[in-house]
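Open the model in your viewer and keep the selection panel at hand. The tour goes from an enclosed space to one residue on its wall.

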Amino acid sequence: MKGRLMLVSVVIPCYNSQRSIGEVVSLTISEFDRLDGYECEFVLVNDGSPADDTYGEICRLAQEYPNVHGINLMRNFGQHNAIMCGLNYAKGDLVLGMDDDLQNHPTQIPKLLAKMEEGDYDLVYGVFEEQKNSKVKTFTSWLNKVTARKMLGRSKDVVTSSFWLINRKLRDQVVRFRNYNPMIEALFSRMTDNVGCVVVEHHAREYGSSGYTLGKLVKLWLAYFNYTVLPLRAISGIGVVTAIVGFVFGIVTVIRKLIDPSILAGWASITSILLFFFGLVLLALGIIGEYVGDIVLSVNSTPQYIVRDTVNL
């Protein structure tokens with residue numbers, strides 16, 4: 001690669017990562033020192049870490065390394081909001097997204113860069129051949145994959161992860177999204193299908209445990225509703241089918257009664273049918289409520305993130 005060095009912005013959302021983020025930065029710098037044609041900067045976003053002095057550690061790293069830039073959010077907005085914040089400050093020709101816990105290991109970065117060079121992709125995902133997560137996290141990852149494939153029309157060949165590399169053009173489009181509840185993978189899927197995947201190693205978490213509780217994982221899954229109307233169409237389809245079934249069942253009941261007047265009305269079956277349809281109605285109202293709630297929060301200008309402090313920016 002001739003000419004100037006290509007700048008890679010490494011965007012990392014940080015949450016209770018005081019013990020790990022320094023190691024992530026030092027190992028990443030070591031990897032880039034061995035790469036020809038690349039240099040890196042870091043955009044470290046402290047997402048309201050409550051349990052340690054993550055932002056203090058970011059400030060220390062910014063003093064030690066001039067290419068480390070730190071952002072401190074006013075509260076915990078969520079991982080994807082923190083990533084959006086980092087993307088807005090990233091200046092690189094390429095932007096690399098990775099976690100703060102060394103599961104996305106810096107030694108695997110050259111594989112993503114090589115894949116990007118190979119196909120001139122807009123987006124490259126690091127695909128984990130074997131994940132070292134808890135059973136709950138593994139299940140929710142599988143659920144997200146299936147949901148994305150059905151709701152967003154994603155190809156079966158595309159496997160996503162939190163370890164990704166995008167070009168500047170895609171980054172410039174993503175940061176135009178201002179909704180309060182972003183989902184990075186959904187935005188990527190909406191904007192490009194020029195996607196590559198490369199197998200990388202998934203390392204075990206070095207310190208602590210995942211900050212994702214079951215409630216946060218469910219909330220993240222519900223964010224898919226911002227990017228598709230498929231659930232509303234599914235409700236309409238179910239409504240049509242159940243109406244037809246109910247009409248046919250009513251005709252059959254009348255005919256049977258005319259043929260054999262001694263047939264008794266079945267209260268248990270009627271109750272079961274009513275409970276089933278009432279359940280469908282409540283499910284439909286819940287899904288519609290998700291959409292209405294998102295609209296209300298968006299109209300009320302709920303912020304995507306709020307920056308309290310910055311360092312080295």
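Which elements each supply at least two residues of the lining of the largest cavity? Select strand E1 (6-14) and helix H3 (79-89): each of them does so. The model is a predicted one.

**Stop 1: the cavity.** The structure holds one cavity of 30 Å³ or more. The space in the largest cavity comes to about 50 Å³. Rolling a probe the size of a water molecule over the atoms shows where empty space is left.

**Stop 2: the lining.** Select Val11, Pro13, Gln79, Ile83, Gly97, Met98, Asp99, Ser162 and Trp164, which line the largest cavity. Colour them by class: five are nonpolar, three polar and one charged.

**Stop 3: Asp99.** Keep Asp99, a member of that lining, and hide the rest of the selection. Follow the backbone around Asp99: the residue sits in the loop that runs between strand E4 (94-97) and helix H4 (109-119). Is Asp99 buried or exposed? Its relative accessible area is 14%, so Asp99 counts as buried, the cut-off being under 20%.

**Stop 4: the partners of Asp99.** Show side chains and draw two distances. Between the side chains of Asp99 and Ser162 there is a polar contact of 2.9 Å. Between those of Asp99 and Gln79 there is another, of 3.3 Å. Gln79 and Ser162 are also among the residues lining the largest cavity.

**Stop 5: the wider surroundings.** Leaving aside residues up to four places away in sequence, Asp99 touches Ile12, Val24, Gln79, Asn104 and Ser162. Add Ile12, Val24 and Asn104 to the view to complete this set of contacts.

Conventions:
Residues are numbered from 1 along each chain as its sequence is written. This is a predicted model: local features need pLDDT of at least 70, side-chain atom pairs count only at pLDDT 80 or more; totals for chains, interfaces and linings use all residues. Side-chain values use heavy atoms; hydrogens and water are left out. Helices (H or I, at least four residues) and strands (E, at least two) are DSSP runs, numbered from the N terminus. Buried means under 20% relative accessible area, exposed over 50%, partly exposed in between (1.4 Å probe, protein chains only). A polar contact is a pair of N or O atoms within 3.5 Å; within protein, one must be able to donate a hydrogen and the other to accept it, and residues adjacent in sequence count only if both atoms are side-chain atoms. Contact means heavy atoms within 4.5 Å. On a 1 Å grid over the protein atoms alone, a cavity is a set of points where a 1.4 Å probe fits but cannot get out, and a pocket is an open set with protein on both sides within 12 Å along at least five of seven lines; lining residues have an atom within 4 Å of a point. Grid points are joined across faces, edges and corners, and a volume is the space filled by probe spheres set on the points. Ala, Val, Leu, Ile, Met, Phe, Trp, Tyr, Cys and Pro count as nonpolar, Asp, Glu, Lys and Arg as charged, and the others, Gly among them, as polar.
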